Each structure stands twice: as structure tokens, then as C-alpha cells.
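Open the model in your viewer and set it to a cartoon view. The stops below say what to select next and what is there.

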Amino acid sequence: MALQLVLLRHGESVWNKENRFTGWTDVDLSEEGVRQAIYAGQLLRKHNFTFDVGFTSVLKRSIKTLHYVLEELDMLWIPVHKSWRLNERFYGALQGLNKDETIKQYGEEQVQKWRRDPAEHPPAITEADDRFPGHYLRYNDLTYRELPLTENLSETMTRALPFWHESIVPQLRQNQKVIICAHGNSLRALVQYINNLSDEEVTKLDIPTATPWVYELDDRLNQIRHYYLE
């Protein structure tokens, strides 16, 4: 029997709606984002999905999206594990800036490099900046090296994969039905690994908001098939 994994990008956030770079800034879901999350849960219920365990980042837009989904499934009781390793990419000094205004200032080519070039770092913040994660209780357990000032796409992928191997894979190997609710770039990291995509292929990958992406895996965690629920 195939192992079941569902990936879900969080619903629209307030800053998604305002077209801002968000990163680790802990913004809430918009009203539309709440509706999207509820609909994702209804869609999973319609197709008779159930889950044994859930995983999210430590950001409320991800946590709340999964909460709404599990509420629709009447499965709020399942264990949910949260990790900073599933956080969105840390966009450094871009966080909070409007994307269109940033393009006007720096040019479309440079902004596209910051967004999608695996090796390109956005402008860094300093530790004195209010956006520095070291100021927040939720990151107290991180080492100094794990607290980012900026982060490129490759680094996002590098820090997401240990959580995949250490926390998620053991659940799948026990035939647990898993749902991961996270962010565009942390999910890209998992998809790149599962699908064995190149850096070029994964940077072109767009993951739609609040749309369940179902993976069926064999006992070696190779994909049998994957598809979006409709």
C-alpha cells in the first residue's frame, strides 16, 4: 500500500495581499486566507482524507491554516509538530517591502535574482534590526549560526531537509498519514528532494496557495504519483 503525504502551502496572508516580502515576519492570514484554508479542509474531507500527524512551521499563517484544515476534518486531536526549519525563506532587509516598489528601486532583474537564484542573498539585516530572529522567544533554542541575517534559496533547502529526514521520514516509515503545512520555499525544498529536481527546475516551480498536493510514495519513499486535489 502506498504511503500518503500531503503538502499544503498556507492560505493568503495579510502581507501576501499587500504584495510584501514576508519571510519570517509573523503576519496573520487575511480573510481570504482563512476561506482558502477552510476550503482546503473541505476538499480533503470530500476526498475522504484522514491524517495521523501534522507538521508546520512556527509562523501563525502556517499553524492557523493547518488548524482550519484539521477542524474541517474533525481531527484537531492529532499531534502537530512545529519547527523553524519549515519556516519561509528569511528575506533579510526585503521583509516588509512592497515587491512592486522594490522592483522600481532595484530593477526587475535584480529582484528576480533575489527571489529565485539559489545562490543570491537578499540584502542582510543587522542583529540590531527588529526583524532579527534572535529577539524572539520562539527562536531561543537556535544556535547563533542558525539565526539568519539573510538567506538564499539553497540555504532554505539545506535547513529544511534535516527536519524531513529526522522527524517526517520516521512517521512515513511507520505508515503514518502525514500532512505538512508550510511555505512556498520550504515546500520547494521538500519537493526538490522527493522529485530529485535540479536547482533550475525547482526555482521555476510555483506552488499554489492552500491547494492540497498529494504524494503517494513507495516503501523507499520514491514517488509513485503526485497530484493536486480539485
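Begin with F55 and H81. This is a predicted model, and in it H81 of strand β3 is the bridge partner of F55. Now select the whole of strand β2, residues 53-56, and strand β3, residues 80-82. The two strands pair in the parallel sense, over 3 bridges. Another of the residues to pick out here is T56, whose bridge partner in β3 is K82. To follow the chain from β2 to β3, add helix α3, residues 60-72: the path crosses through this helix, and the β-α-β crossover is right-handed.

Keep α3 selected and look at what it lies across. The strands concerned are β1, β2, β3 and β4, and the helix runs at about 140° to β4.

Next, select strand β4, residues 178-182. β4 pairs with β2 in the parallel sense over 4 bridges. On this side, I179 is the bridge partner of G54.

Return to β2 and show its side chains. In a regular strand, side chains alternate between the two faces of the sheet. Are the two faces of β2 covered or open? Both are covered: V53 and F55 are buried on one side, and G54 and T56 are buried on the other.

Zoom out to the sheet. Which order do its strands follow? The sheet is open and has 6 strands, in the order β3-β2-β4-β1-β5-β6, with mixed pairing. At its edges are β3 and β6 (223-228), each of which pairs on one side only. Neighbouring strands are turned by 20° against each other on average, direction ignored.

Now turn to the nonpolar residues. The largest nonpolar core has 29 residues, and L5, W164 and I180 have the most contacts inside it. Two or more residues each come from β1 (3-9), β2, α6 (153-173), β4, α7 (184-195) and β5 (213-217). The largest share, 8 residues, is from α6.

Select I180 and show what surrounds it. Leaving out residues up to four places away in sequence, I180 touches L5, V6, L7, L8, F55, L86, W164, I168, L187 and L190. Apart from this core lies another, of 17 residues, among them L43, L44, V69 and L70.

Move on to E151, in the loop between α5 (108-116) and α6. Why does E151 count as buried? Its relative accessibility is 6%, and buried means under 20%, so E151 falls on the buried side of the cut-off. Show the side chain and look for its polar contacts. One joins the side chains of E151 and R159, at 2.9 Å. Another, at 3.3 Å, is with the side chain of T156. Beyond its neighbours within four places in sequence, E151 is in contact with W24, E88, R89, F90, H121, P122, T156 and R159.

The last stop is helix α4, residues 99-106. Select N98, which caps the N-terminal end of α4: a side-chain oxygen of N98 lies 2.9 Å from the backbone nitrogen of D100. Then go to the other side of the helix in sequence, where G107, just after α4, takes a positive phi of about 95°.

Methods: Residues numbered from 1 in each chain as written. Predicted model: local features only at pLDDT ≥ 70, side-chain atom pairs only at ≥ 80, totals over all residues. Heavy atoms only, no water. Buried < 20%, exposed > 50% of the residue type's maximum accessible area, 1.4 Å probe, protein only. Pairing = 2+ DSSP bridges. Right-handed = clockwise from strand over helix to strand, strands pointing away. Polar contact = N/O pair within 3.5 Å; in protein donor to acceptor, adjacent residues only side chain to side chain. Core = buried A, V, L, I, M, F, W, Y, C linked by side-chain atoms within 4.5 Å. Contact = heavy atoms within 4.5 Å. Axes fitted to C-alpha atoms, helices over the stretch in contact; angles between N-to-C directions.
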